[in-house]
Amino acid sequence: MLKVFNFSFLRRTFLPSHKRYQTLLLLPQPPTLQHLKRLVQTKSTKDEELESFPVPKIEESKLKISFSRSSGPGGQNVNKVNTQVEIRFKVSEAYWIPEPIRERLQQLNESRINKEGELVIVSQRYRFQERNREDCMQKLKELLQESCLVPKKRLKTSVPEWSKESRLKEKKQRSQIKKDR
């Protein structure tokens, strides 16, 4: 069952699979090829502004990979096979990661770093050791990607006058309601 409502440039469509309405913006004419190229160019330049460091290649020879029995899915298999994977490496000694990325990795993942300075990544999501190993490597890759992004510098702004006035007005109204009780 698909219901469509048209209003000049807006279309509201009911999506039965999601059981909700979705509002779409309709353009008077389809976008041209130049317009699409411009959108792609602006998007790529924004991505380039955020990412200042390339993601380093993970050297598996520098990682300590250990296996143990997991508490995840697997039935009786859990009691017999070492499927949990744990990857460890000392962040301060990981020279395959550039210095600024290493520092940011330490800042973002303080809770994953133990007293010895090792970053610990554990996976027991899957029933098979190899899939858990791939999952750990994927987690490490995502952590490195996240630490490669340099955060935007926050521009200091002040609270606008209209916002202050509306807040004070609401406070006065609330206090008046309480006085009238």
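Guide: Welcome! A salt bridge here is a side-chain nitrogen of Lys or Arg within 4 Å of a carboxyl oxygen of Asp or Glu. The model is a predicted one, in which local features need pLDDT of at least 70, side-chain atom pairs count only at pLDDT 80 or more, and totals for chains, interfaces and linings use all residues. Residues are numbered from 1 along each chain as its sequence is written, and side-chain values use heavy atoms, with hydrogens and water left out.

Visitor: How many salt bridges does a search of the whole structure find?

Guide: Side chains of opposite charge can pair when their charged atoms come close. One such pair is Lys164 with Glu161, at 3.8 Å from N to O. Searching the whole structure for salt bridges gives a total of 8.

Visitor: How far apart in sequence are the parts that Glu60 and Arg133 tie together?

Guide: The two side chains meet in a salt bridge, at 3.0 Å from N to O. Glu60 sits in the loop between α1 (33-50) and β4, while Arg133 belongs to helix α4 (residues 129-148), so the parts they tie together are separated in sequence by 73 residues. Helices (H or I, at least four residues) and strands (E, at least two) are DSSP runs, numbered from the N terminus. To come back to your question, the separation is 73 residues.

Visitor: Lys64 forms a salt bridge with Glu118; which strand holds Glu118?

Guide: The closest N and O atoms of Lys64 and Glu118 are 3.1 Å apart. Lys64 is in strand β4, so this pair ties together parts 54 residues apart in sequence. The strand that holds Glu118 is β6.

Visitor: Is Glu118 buried or exposed?

Guide: Buried means under 20% relative accessible area, exposed over 50%, and partly exposed in between (1.4 Å probe, protein chains only). Its partner Lys64, at 51%, counts as exposed. With a relative accessible area of 8%, Glu118 is buried.

Visitor: Which residues are linked with Lys64 in a network of salt bridges?

Guide: The strands give some background: β4 (residues 64-68) and β5 pair in the antiparallel sense over 5 bridges, where pairing takes at least two DSSP bridges between two strands. Across these strands, Lys64 has Arg88 as its bridge partner in β5. The network of salt bridges joins Lys64 to Glu86, Arg88 and Glu118.

Visitor: How many residues of strand β5 are buried?

Guide: Strand β5 (residues 84-90) has 7 residues. On one side of the pairing story is β4; β5 also pairs with strand β6 (residues 118-123) in the antiparallel sense, over 6 bridges. The strand is largely enclosed by the rest of the structure, because its buried residues number 5.

Visitor: Which residue in β6 stands opposite Phe89?

Guide: Contact means heavy atoms within 4.5 Å. Leaving aside neighbours within four places in sequence, Phe89 has contacts that include Leu63, Trp96, Ile97, Leu105 and Leu140. Opposite Phe89 in β6 stands Leu119.

Visitor: What is the angle between the planes of Phe89 and Trp96?

Guide: Rings of Phe, Tyr and Trp (its six-membered ring) pair if their centres lie within 6.5 Å, with planes under 30 degrees apart counted as stacked, over 60 as edge-to-face and the rest as tilted. The whole structure has 1 aromatic pair. Phe89 and Trp96 form this tilted pair, with 5.6 Å from centre to centre. Both residues are buried, and the angle between their planes is 50 degrees.

Visitor: Where does the largest share of the largest nonpolar core come from?

Guide: A nonpolar core is a set of buried Ala, Val, Leu, Ile, Met, Phe, Trp, Tyr and Cys residues joined through side-chain atoms within 4.5 Å. The largest one has 19 residues, and those with the most contacts inside it include Phe89, Trp96 and Leu119. At least two residues of this core come from each of β5, α3, β6 and α4. The largest share, 6 residues, comes from α4.

Visitor: How far apart are the end C-alpha atoms of α4?

Guide: Helix α4 has buried residues that include Met137, Leu140 and Leu144, and its buried residues pack against β5, α3 (99-108) and β6. The expected span of a helix is 1.5 Å times one less than its number of residues. For the 20 residues of α4 that comes to 28 Å, which agrees with an end-to-end C-alpha distance of 29 Å.
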